[in-house]
Each structure stands twice: as C-alpha cells, then as structure tokens.
Amino acid sequence: MGDKKRLPILLSSCIFLLINVIASRADVITLTADSFSDKIQEKDTAWFVQFCVPWCKHCKNLGSLWEDLGKVMEGEDEIEIGQVDCSVSKPVCAKVDIHSYPTFKLFYNGEEVAKYQGSRDVESLKAFVLTETEKAVTKAEVDSDRDL
C-alpha cells in the first residue's frame, strides 16, 4: 500500500526535474540550417554562437560551459547565445567558414563582427561578448548616422 502512495510523489518529482532540465537548456538556442540566417539577422541583436560537432573531444571537454554562459547572459538585452551542430548543419558551417571545433563567433545585425580565441571560462566569454557587442552597436550607430 505504501508503494502506491509514493508513485504520484515520484512521478511529480521526475516531471519537476525534467522541466528544470529543459528550462536550463533554453538559455542556449540551437540554430539549424533553417533558422540560422533569420536569427542572426535580427535587427539590433547580437548572437554569440558556438560551432561544434558531437564527436569533437575539445567540444566535449567544454562540459556545461556554453549552457553556463547562456544562464549568465540570460538577463542581457539583445544578446543571444546560440549553438550550431556542424554535423547536422553543414551548409551553415561552410557559409561562415568553420574549419575547426569548437569555434565561437559573434554576429550583429547579420554580420560576423568577431571571433573569440581567448580563455574558455564563463567570465572571459561574458566579458568578450559584452565588449564586442558594445563595439558593434557603436559602429552600427555611426554607420547609420553617416547614411542620414
């Protein structure tokens, strides 16, 4: 009789854990051949994208780094953290000239503005994306003023 009472509690606990896992991964947006171009061209939005493949040991060694960055950056307006699986989205990776994994690139208003080559820790990645996004925004504003 005690096992029947525990089943709903166990089931609700499993559902709660599953929802938390899904929610925690939502901070990083998976980009595909169908969504990549549209997403990175969003006006006034920076996309910091990791290009990787599942079999790459360097990508595996990152562990939860990219998800951790996604969580840290969640409150930043107009900055999105994305990920492309180059084994599935080969045309995307060819288009943006990806030759090694992982590769980290920042896009703003559809244009590649910077490639990250620094330390692989959340604070360094965050500092890079904030600094480079600010530069891209300033450049876009100056270019816009020139067009007037």
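Buried means under 20% relative accessible area, exposed means over 50%, and partly exposed lies in between. The exercises below use these classes on a predicted model.

**Exercise 1. Classify Glu112 and its salt-bridge partner Lys105 by accessibility, and give the distance between their closest N and O atoms.**

Step 1. Glu112 has a relative accessible area of 39%, so Glu112 is partly exposed.

Step 2. Lys105 has a relative accessible area of 5%, so Lys105 is buried.

Step 3. The closest N and O atoms of Glu112 and Lys105 are 3.0 Å apart. The cut-off for a salt bridge is 4 Å, between a side-chain nitrogen of Lys or Arg and a carboxyl oxygen of Asp or Glu.

Result: a salt bridge joins Glu112 and Lys105, with Glu112 partly exposed and Lys105 buried.

**Exercise 2. Find how many salt bridges the whole structure holds, then treat the pairs Lys39 with Glu42 and Asp44 with Lys43 in the manner of Exercise 1.**

Step 1. The search over the whole structure returns five salt bridges. The general basis is that side chains of opposite charge can pair when their charged atoms come close.

Step 2. Lys39 and Glu42 form one of them, with an N to O distance of 3.7 Å. The relative accessibility of Lys39 is 32%, which makes Lys39 partly exposed. For Glu42 the relative accessible area is 28%, and Glu42 is partly exposed.

Step 3. Lys43 and Asp44 form a salt bridge in which the closest N and O atoms are 3.9 Å apart. Lys43 has a relative accessible area of 65% and is therefore exposed. Asp44, at 36% relative accessibility, is partly exposed.

Result: the five salt bridges include Lys39 with Glu42 and Asp44 with Lys43.

**Exercise 3. Decide which cysteines form a disulfide, and state its handedness.**

Step 1. A disulfide is a covalent bond between the sulfur atoms of two cysteines. The cut-off applied to the sulfur pair is 2.5 Å.

Step 2. The S to S distance between Cys86 and Cys93 is 2.0 Å, and a disulfide joins them. The whole structure yields one disulfide.

Step 3. The torsion about the S-S bond of Cys86 and Cys93 is about -85°, so the disulfide is left-handed.

Step 4. Cys86 is buried at 4% relative accessibility, and Cys93 is buried at 4% as well.

**Exercise 4. Explain why Cys52 and Cys59 are not bonded to their closest cysteine sulfurs.**

Step 1. For Cys52, the closest cysteine sulfur belongs to Cys59 and is 4.9 Å away, too far for a bond.

Step 2. For Cys59, the closest cysteine sulfur belongs to Cys56; the distance is 3.2 Å, which is again too far for a bond.

Step 3. Cys52 has a relative accessible area of 9% and is buried. Cys59 is also buried, at 12% relative accessibility.

**Exercise 5. Describe the largest pocket by its volume, its lining and the elements that contribute to that lining.**

Step 1. The space in the largest pocket is about 170 Å³.

Step 2. Its lining has 14 residues, and those nearest the centre are Gln50, Cys52, Val53, Cys59 and Gln83.

Step 3. Two or more lining residues come from each of β2 (46–52), α3 (57–61), α4 (65–72) and β3 (79–85). The most are given by α4, with three residues.

Step 4. By class, the lining of the largest pocket consists of seven nonpolar, four polar and three charged residues.

Conventions
Residues numbered from 1 in each chain as written. Predicted model: local features only at pLDDT ≥ 70, side-chain atom pairs only at ≥ 80, totals over all residues. Heavy atoms only, no water. Buried < 20%, exposed > 50% of the residue type's maximum accessible area, 1.4 Å probe, protein only. 1 Å grid on protein atoms, 1.4 Å probe; cavity = no way out; pocket = protein on both sides within 12 Å on 5 of 7 lines; lining within 4 Å. Points joined across faces, edges and corners; volume = space filled by probe spheres on them. Helix = DSSP H or I, 4+ residues; strand = E, 2+ residues; numbered from the N terminus. Nonpolar A, V, L, I, M, F, W, Y, C, P; charged D, E, K, R; others polar.
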